[in-house]
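Visitor: I have a structure to look at and some questions about it. Can you take me through them step by step?

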Amino acid sequence: MYNQKKIEKKYFVLIGAIVIAILLGLIAHIVTTDRSLNPLEKAVKDTVLLSQKIIYQPVKFVKDKIKDYREKQNIYEKYKILKNKVKETDLIQAEKKELEHQLKKMKKTLDLNHTLVETEYLNATVVNRNLGYWYNTITIDKGSHNGVKKDMPVIVSDGVIGKITKVSNFNSTVKLLTSEDINNKISVKIEVGDKYVYGLLSGYQRKGNVFTVEGIADNIEIPKDSIVTTTGMGDNFPSGIMVGKVKKVKTDHFDLAKTVEVTSSVDFDDLSYVTILKRKEGSN
Amino acid sequence: MLVILTLILSFCLDGIISNFIPIHSPLLIPLFTLVSLMIVYPYFKRHENDYLKVAAILGLFYDIVYTDTIFFQCILFLIIAFCVRFLNEWVSNNVFSISLMAIVLIACYRTLEYSILSLVGFFTFDSMYLLQGIYSSLLLNVIYAIILYLITDWLSKKYHILKVD
């Protein structure tokens with residue numbers, strides 16, 4: 001009788017261990033792999049977010065009105081700045097046209113594929129922000145119906161914020177660069193004089209809104225406030241999107257490479273409207 | 001009806017409130033759905049299987065709509081539902097015990113989620129980051145738990161809805 005109970009207990013522990021192992025495997029698959037949403041997930045997500053959007057509209061209206069009111073407070077200061085900028089716009093437009101023309105010619109000669117000029121901009125509103133806490137994601141109100149695809153870069157006026165990871169018909173999930181996810185690393189370049197130094201954006205500290213850039217050779221001097229942008233290497237991010245400015249340069253524990261602290265140009269705490277960079281139809 | 005309304009309202013509020021709070025807020029991260037799950041337990045009148053089913057469904061919705069991690073939150077919500085059941089056997093419901101239970105459950109939920117995510121290689125374990133995750137979720141959710149408890153308690157008395165404390 002005692003032995004039978006002992007055997008039953010052993011079986012119970014064994015079955016429990018197997019169930020936990022299977023569950024962990026399942027969670028690992030769900031969380032770490034690059035899976036797409038199934039049709040049922042898409043339908044539920046779109047329906048719930050649509051109803052939430054309807055409930056949120058009056059609140060959003062009031063929120064926007066308050067924001068407008070605050071902005072109107074210093075409108076004259078802004079007007080003066082913009083007035084000066086408008087004078088420069090015509091010059092910049094002409095210069096831009098000329099550069100686009102030159103770029104087109106060069107592209108033909110070099111057979112280049114991805115440049116920032118070839119992207120279309122699609123504006124989106126943030127529906128909810130980082131509810132999973134550890135995942136560092138936001139949900140936006142544009143989906144496959146609007147031509148959004150997985151891995152498209154997402155920016156705000158100050159710089160890059162992340163990329164699309166999940167797409168449903170009318171909504172998408174954006175994984176922010178602030179994510180601790182090991183697979184979420186992008187290559188960046190630091191402007192040093194007329195040259196570029198390349199590195200990998202690998203970490204983020206909430207305190208001070210600072211990114212860490214690794215993989216930079218020890219023999220290069222990097223001045224403070226140097227501009228950090230995306231490199232365009234890999235398929236996702238086009239070249240030249242602002243990431244931030246150099247705050248501090250440190251040498252790693254083995255004195256072999258430098259680690260650069262970069263203050264992000266984006267305020268990740270306040271993301272309400274974002275822009276998706278869509279590759280233009282016809283360009284690869 | 002009160003249970004359904006409480007859960008739906010809290011679920012929607014989670015998404016709406018997140019738009020007003022900084023993403024990396026050090027104190028005000030919403031977890032209203034989880035808190036509401038704790039508040040509605042006494043209204044199941046000891047029909048614990050129904051309560052577990054509701055917890056699993058709510059977790060699944062949280063998975064699909066908010067985190068894109070199908071079944072992960074579902075499992076976590078089920079574990080939290082078991083914890084709520086266990087805690088309710090030991091403590092009676094009042095404002096003080098509700099606050100205490102909310103703190104314990106939020107700490108359990110965050111620790112469990114973070115540990116599993118670290119275990120499956122989503123990120124490396126950092127105890128400070130975990131601690132930050134726990135205390136950033138406490139203040140707002142404890143306040144919400146107290147308000148929700150007072151409102152549901154008042155409504156249950158007014159409309160004679162059976163509640164087992």
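Visitor: Which residues line the largest cavity?

Guide: This is a predicted model. A lining residue has an atom within 4 Å of a cavity point. From chain A, that rule picks Tyr56(A), Lys60(A), Lys63(A), Asp64(A), Lys67(A), Thr125(A), Val126(A), Arg129(A), Leu271(A), Ser272(A) and Tyr273(A). The list is completed by Asn19(B).

Visitor: Which helix gives the most to the lining of the largest cavity?

Guide: Two elements of chain A each supply at least two lining residues: helix 2 (39–73) and strand 1 (119–129). With 5 residues, the top contributor is helix 2 of chain A.

Visitor: How many charged residues does the lining of the largest cavity have?

Guide: Asp, Glu, Lys and Arg count as charged. Lys60(A), Asp64(A) and Arg129(A) are among the lining residues. By class, the lining has 4 nonpolar and 3 polar residues, and the charged ones number 5.

Visitor: What is the volume of the second largest cavity?

Guide: There are 5 cavities of 30 Å³ or more. The largest has a volume of about 90 Å³. For the second largest, the volume is about 60 Å³.

Visitor: How many nonpolar residues are in the lining of the second largest cavity?

Guide: Chain A gives Arg129(A), Asn130(A) and Leu131(A) to this lining. Chain B gives Ser18(B), Ile21(B), Pro22(B), Ile23(B), Ile29(B) and Pro30(B). Ile, Leu and Pro count as nonpolar. Beside 2 polar and 1 charged, the nonpolar count is 6.

Visitor: Now the strands. Is strand 4 of chain A mostly covered or mostly exposed?

Guide: Strand 4 spans residues 159–167 of chain A. Buried means under 20% relative accessible area. By that cut-off, 9 of its 9 residues are buried, and the strand is mostly covered.

Visitor: How many bridges join strand 4 of chain A to strand 5 of chain A?

Guide: Take strand 3 (residues 153–156) of chain A before that. Strand 3 and strand 4 of chain A pair in the antiparallel sense over 4 bridges. Strand 5 (residues 172–176) of chain A also runs antiparallel to strand 4, and the bridges between them number 5.

Visitor: In strand 5 of chain A, what is the bridge partner of Gly162(A)?

Guide: Gly162(A) lies in strand 4 of chain A and is the bridge partner of Val154(A). In strand 5 of chain A, the partner of Gly162(A) is Leu176(A).

Visitor: Through how many residues does a hairpin join strand 4 of chain A to strand 5 of chain A?

Guide: A hairpin through 2 residues links strand 3 of chain A to strand 4 of chain A. Between strand 4 and strand 5 of chain A, the hairpin goes through 4 residues.

Definitions and conventions. Residues numbered from 1 in each chain as written. Chains lettered and ligands numbered in written order. Predicted model: local features only at pLDDT ≥ 70, side-chain atom pairs only at ≥ 80, totals over all residues. Heavy atoms only, no water. Buried < 20%, exposed > 50% of the residue type's maximum accessible area, 1.4 Å probe, protein only. Pairing = 2+ DSSP bridges. 1 Å grid on protein atoms, 1.4 Å probe; cavity = no way out; pocket = protein on both sides within 12 Å on 5 of 7 lines; lining within 4 Å. Points joined across faces, edges and corners; volume = space filled by probe spheres on them.
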